[in-house]
Amino acid sequence: MPSTTPTRRPSGLHSPTRHRPTRRRVLGAGAGLFGAAALTGCGIPSAYVDEDRRSAPDRSESEKRLGFSNWTQYIDVDDDGGRPTLDAFTERTGIKVTYTEDINDNDEFFGKMGPVLTQGTDPGRDLMVVSDWMAGRYVSLGWVQAMDRANLPNVTAQLDPQLADPAFDPGRRRSVPWQSGITGIAYNRKELGREIKSVADLWAPDLKGRVTLFAGLDEALGLLMLAQGADISAFTEDQARQAMDLVQRMVDSRHVRRFTGNDYTSDLASGAALACQAYSGDAVQLTAENPDIAFVVPEEGGELWAESLLIPNRAGHKRNAELLIDHYYQPEVAAELAAAVQYICPVPAAREVLAVSGDREKAELAEHPLLFPTEEMRARLHTMRDVGSAERPGLHKVWTRITGV
């Protein structure tokens, strides 16, 4: 479900809608598009890489450069096509960044990187951004390097505590959030004529045939399990199946209109859907363009997720990559990036920078709860653990049968 987006996105609340990077589910079983056994069968070494095979000689001191792979439209861009926050890093450090927007889909990129990382060859980049559920796979397979925290003082001081200790990477030793967001519910308040406060409200009779859910197992499951009282940081396979059983009943009764990728926004905008699972990054734009559309973190909780920076094995400019990561954790830099991309900023101190900037639109962003969640909202946010390789094949089979995609 690749995104379709304009070529540029200006900052400010009233800029054109931008779909967030695709947090697509893994289409195959096991370790992603291919399992460890499949890799070995093809003459490729076992997928897991031991610690002593992950590093390469670091050329950072002699080569003032690094390669950075990211999603499209996930950085600040000025009117001349420059990237001010990257340019400021180069000016300050002398390190040139080759920035490539070559990540279109988590699975596709995983398939591209897998053979390279299992064979221990040069990955062709020093830094990359993937969704945390996919980052969990890279970490568990030993495909990324531990970061030197001595090179990350701003990360240590400024990282949002709610993002600091995910189950897949305790203490964030191998990953650092780039941007974050919430999976919640968006709905047309005017057309529906009432408020939606919980996931259970989606199943009301007046919404029959007007509800959409995410097609991806990893995208949809957390919100559904929270509605049933599960702790999604440590959910059981039975709890996942209970949530899917409910969705099956809603499909059988034709209550669910369809399962979507990023195209859920068009259903909501056209009125084909009145309520849907939605991402907070889209909601910032949707609600600005149409005040009848509301976004809610359900009473029982919403899923907090992130896309994170990783340093792949055998990267030749590891220290330079760490310096760039830490650059983005300066509150002033984080504020500039947040104003451009309008996702949840992983640096809470950036809020004050925007608030006192003297720019009206930036000051509005400082008060926006979908960039800087309130304490009340934070209390209802939960981080989902990764669906493990042992349970994924069975859950994926059931989910595919339900969604038909």
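Let's start with the overall build: the protein chain has 16 helices and ten strands. Keep in mind as you look around that this is a predicted model. Of the 405 residues in the chain, 56% are buried. The chain still exposes about 15700 Å², and carbon and sulfur atoms supply 50% of that area.

How do the parts of the chain meet one another? Among contacts with a separation of 6 or more, 78% are between residues 24 or more positions apart. Keep that figure in mind when we visit a helix and its neighbours below.

Now let's look for empty space inside the protein. Rolling a probe the size of a water molecule over the atoms shows where such space is left. In this model, the count comes to two cavities of 30 Å³ or more.

The largest cavity holds about 170 Å³ of space. Its lining is made of 16 residues, and those nearest its centre are D132, W133, M384, R385 and D386. The elements that give two or more residues to this lining are α4 (132-140) and β9 (302-310). Which of the elements gives the largest share? That is β9, with four residues. By character, the lining of the largest cavity divides into nine nonpolar residues, one polar residue and six charged residues.

The second largest cavity holds about 60 Å³. Its lining consists of P177, W178, Q179, L309, Y328, Y329, A334, L337, C345, P346 and V347. Two or more of these residues come from each of β4 (176-188) and α12 (331-341). The largest share, three residues, belongs to β4. What is the character of this lining: how many residues are nonpolar, polar and charged? Ten are nonpolar, one is polar and none is charged.

One residue of that lining, C345, leads us to the cysteines. C345 has a relative accessible area of 2%, so it counts as buried. Another cysteine, C276, is at 0% relative accessibility and therefore counts as buried too. As for bonds between cysteines, the structure holds zero disulfides.

Let's go back to α12, the helix that helps to line the second largest cavity. Is it mostly covered or mostly open? Helix α12 is mostly covered, with nine of its eleven residues buried. The buried residues are P331, V333, A334, A335, L337, A338, A339, A340 and V341. Two names here may look familiar: A334 and L337 are on this list, and they also line the second largest cavity.

What lies over the buried residues of α12? The cover includes α2 (84-93), α5 (153-158), β4, α11 (318-327), α13 (350-355) and α14 (360-366). You have met β4 already, as the element with the largest share of the lining of the second largest cavity. Just after α12 comes Q342, a residue with a positive phi, near 60°.

Our last stop is α14, one of the elements covering α12. Helix α14 contains E361. E361 has a relative accessible area of 26%, which means that it is partly exposed rather than buried, as the cut-off for buried is under 20%. Its C-alpha atom is separated by 8.7 Å from that of A339, and the two residues are 22 positions apart along the chain. A339 itself is one of the buried residues of α12, so try finding both residues in the model and following the chain from one to the other.

Terms used
Residues numbered from 1 in each chain as written. Predicted model: local features only at pLDDT ≥ 70, side-chain atom pairs only at ≥ 80, totals over all residues. Heavy atoms only, no water. 1 Å grid on protein atoms, 1.4 Å probe; cavity = no way out; pocket = protein on both sides within 12 Å on 5 of 7 lines; lining within 4 Å. Points joined across faces, edges and corners; volume = space filled by probe spheres on them. Nonpolar A, V, L, I, M, F, W, Y, C, P; charged D, E, K, R; others polar. Disulfide = S-S within 2.5 Å. Buried < 20%, exposed > 50% of the residue type's maximum accessible area, 1.4 Å probe, protein only. Contact = heavy atoms within 4.5 Å. Areas by Shrake-Rupley, 256 points an atom, 1.4 Å probe, with all protein chains shown as cover.
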